[in-house]
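Please go through the structure below with the text that comes after it. The order is sheets, then aromatic contacts, then ligand surroundings.

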Amino acid sequence: MLGEGILKGLAETARNFAGSFVSKERMTTVEYPEVRLPLPEASRNFPFLVYDGNDWEKGLRCVACQICEKECPPKCIYIEKSKDKKPDYVGKPQIYPAKFDIDISVCMSCQICVEVCPFEAIKMNTEFELATTDRFGGLLLDRHELAKSNEYYHTIHPTEATEVDARLAAEKVKVEAKAKAATQAAATKAAEPASAAAAVPAVAKPAVAPVTQASSPKAAEVNAAPVAATTPAAPKPVAGTGTDGAAPITEAEKKTTSEPAKTTEGEPKA
Ligand code: SF4
Ligand code: SF4
């Protein structure tokens, strides 16, 4: 029939129009801003920086690696690295962003910064009520304005935030196990020399060897001295006693040899 399609279309429109007043599923608008519908989990607007704990400054996950700054297509991220370090979520000392600005008047919500961040430090916010009359001050967000807690991240993207938490927790366990193993290995290595020293017996000092051979004239004297003292000296030969090898002198011979020869008186001396 001619015009049947048009009639069907008008009927559908009329049904939706009437139904939107009585059926809640057909109500597509709300009295904004008094009434606000929850945003879908996958919705996104501009990036924010995630921090853990209660202190936004200490808890920022960002380590100022500047990957997002380099990858951002319209170059609307500006980062300055810190001079010092602070512990990250696994306790490892890391530098942090002393300055982290995003110009959201330039940002095109592409989410590339989120995709390239290796530290789960930057995520997409769902906040859209950002209108301001201050073009520069109002739309150039610094790190304090960008910082949002992990609890807030769970509120806007619960499924994604739970996955991220599980991944970071597993990584933390792995890092802690590695650190523990390294500590144990270092302790074992340090204990090894002590136990090895205890196992090796002490080398006994060689006893002073007795001098068996004169190595010098002085030593010869030292060696010879005791021998001379202990060996009795041979008796000196005495003439007439038989010790010199000759026959011993008799008593008569002794008398004869001891008396002087008699001289005759009146006889002229020869
Ligand atoms: S969402 Fe895209 S444009 Fe915006 S800051 Fe990230 S990388 Fe840059
Ligand atoms: S947000 Fe991520 S990618 Fe960007 S500087 Fe920080 S750690 Fe690096």
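The paragraphs that follow take these topics in turn.

The model is predicted. One part of its fold is an open sheet of 3 strands, arranged in the order 6-1-8 with mixed pairing. Strand 6 (122-124) and strand 8 (147-149) occupy the edges, and each has a single partner strand, so one side of each lacks a neighbour in the sheet. Averaged over this sheet and ignoring direction, neighbouring strands are turned by 50° against each other.

The mixed character can be read from the two pairings of strand 1. With strand 8, strand 1 pairs in the parallel sense over 3 bridges. Within that pairing, Leu49 stands opposite Ala147, and Tyr51 has Ser149 as its bridge partner. With strand 6, strand 1 pairs in the antiparallel sense, again over 3 bridges. Here the bridge partner of Phe48 is Lys123. In general, strands of a sheet pair through backbone hydrogen bonds, in either a parallel or an antiparallel way.

How many of the residues of strand 1 are buried? The count is 5 of the 5, so strand 1 is largely enclosed by the rest of the structure. The threshold behind this count is a relative accessible area under 20%.

The second sheet is also open and has 3 strands, in the order 2-5-7, with antiparallel pairing. Strand 2 and strand 7 stand at its edges with a single partner strand each, so one side of each is left without a neighbour in the sheet. Strand 2 (residues 77-81) is joined to strand 5 over 5 bridges in the antiparallel sense. In that pairing Ile77 stands opposite Ile102 of strand 5. Strand 7 (residues 140-141) pairs with strand 5 over 2 bridges, also in the antiparallel sense, and Asp103 stands opposite Leu140 in strand 7. Strand 5 (residues 97-103) has 5 of its 7 residues buried, so strand 5 is largely enclosed by the rest of the structure.

The aromatic contacts lead back to strand 1. The structure holds 3 aromatic pairs. A pair of aromatic rings is described by the distance of the centres and the angle of the planes. For Phe48 and Tyr152 the ring centres are 5.7 Å apart and the planes stand at 85°, so the pair is edge-to-face. This pair links distant parts of the chain, with Phe48 in strand 1 (residues 47-51) and Tyr152 in helix 7 (residues 150-156), 104 residues apart.

Are the two partners buried or exposed? Phe48 is buried, with a relative accessible area of 1%, whereas Tyr152 counts as partly exposed at 25% relative accessibility. Phe48 has another ring partner in Tyr153: their centres lie 6.2 Å apart and their planes are at 65°, so this pair is edge-to-face as well. It too connects distant parts of the chain, since Phe48 belongs to strand 1 and Tyr153 to helix 7, 105 residues apart. Tyr153 counts as buried, at 0% relative accessibility.

Together, Phe48, Tyr152 and Tyr153 form one aromatic cluster. Tyr152 also has a contact with a charged side chain: the charged end of Lys148 sits over the ring of Tyr152, 5.7 Å from its centre.

The ligands come last. Which residues surround ligand 1? They are Pro47, Cys72, Pro73, Pro74, Cys76, Ile77, Cys107, Met108, Ser109, Cys110, Gln111 and Cys113. By class, this shell has 10 nonpolar, 2 polar and no charged residues. Ile77, whose place opposite Ile102 was described for the antiparallel sheet, is one of the residues around ligand 1.

Ligand 2 is surrounded by Cys62, Val63, Ala64, Cys65, Gln66, Cys68, Ile79, Phe100, Cys117, Phe119 and Ile122. The classes in this shell are 10 nonpolar, 1 polar and no charged residues.

Terms used:
Residues are numbered from 1 along each chain as its sequence is written. Chains are lettered from A and ligands numbered from 1 in the order in which they are written. This is a predicted model: local features need pLDDT of at least 70, side-chain atom pairs count only at pLDDT 80 or more; totals for chains, interfaces and linings use all residues. Side-chain values use heavy atoms; hydrogens and water are left out. Buried means under 20% relative accessible area, exposed over 50%, partly exposed in between (1.4 Å probe, protein chains only). Helices (H or I, at least four residues) and strands (E, at least two) are DSSP runs, numbered from the N terminus. Two strands pair if DSSP finds at least two bridges between them. A residue is near a molecule or strand if one of its heavy atoms lies within 4 Å of it. Ala, Val, Leu, Ile, Met, Phe, Trp, Tyr, Cys and Pro count as nonpolar, Asp, Glu, Lys and Arg as charged, and the others, Gly among them, as polar. Rings of Phe, Tyr and Trp (its six-membered ring) pair if their centres lie within 6.5 Å; planes under 30 degrees apart count as stacked, over 60 as edge-to-face and the rest as tilted. A charge sits over a ring if NZ of Lys or CZ of Arg is within 6 Å of the ring centre and within 35 degrees of the ring normal. Axes are lines fitted to C-alpha atoms, for helices over the stretch in contact, and angles run from 0 to 180 degrees between N-to-C directions.
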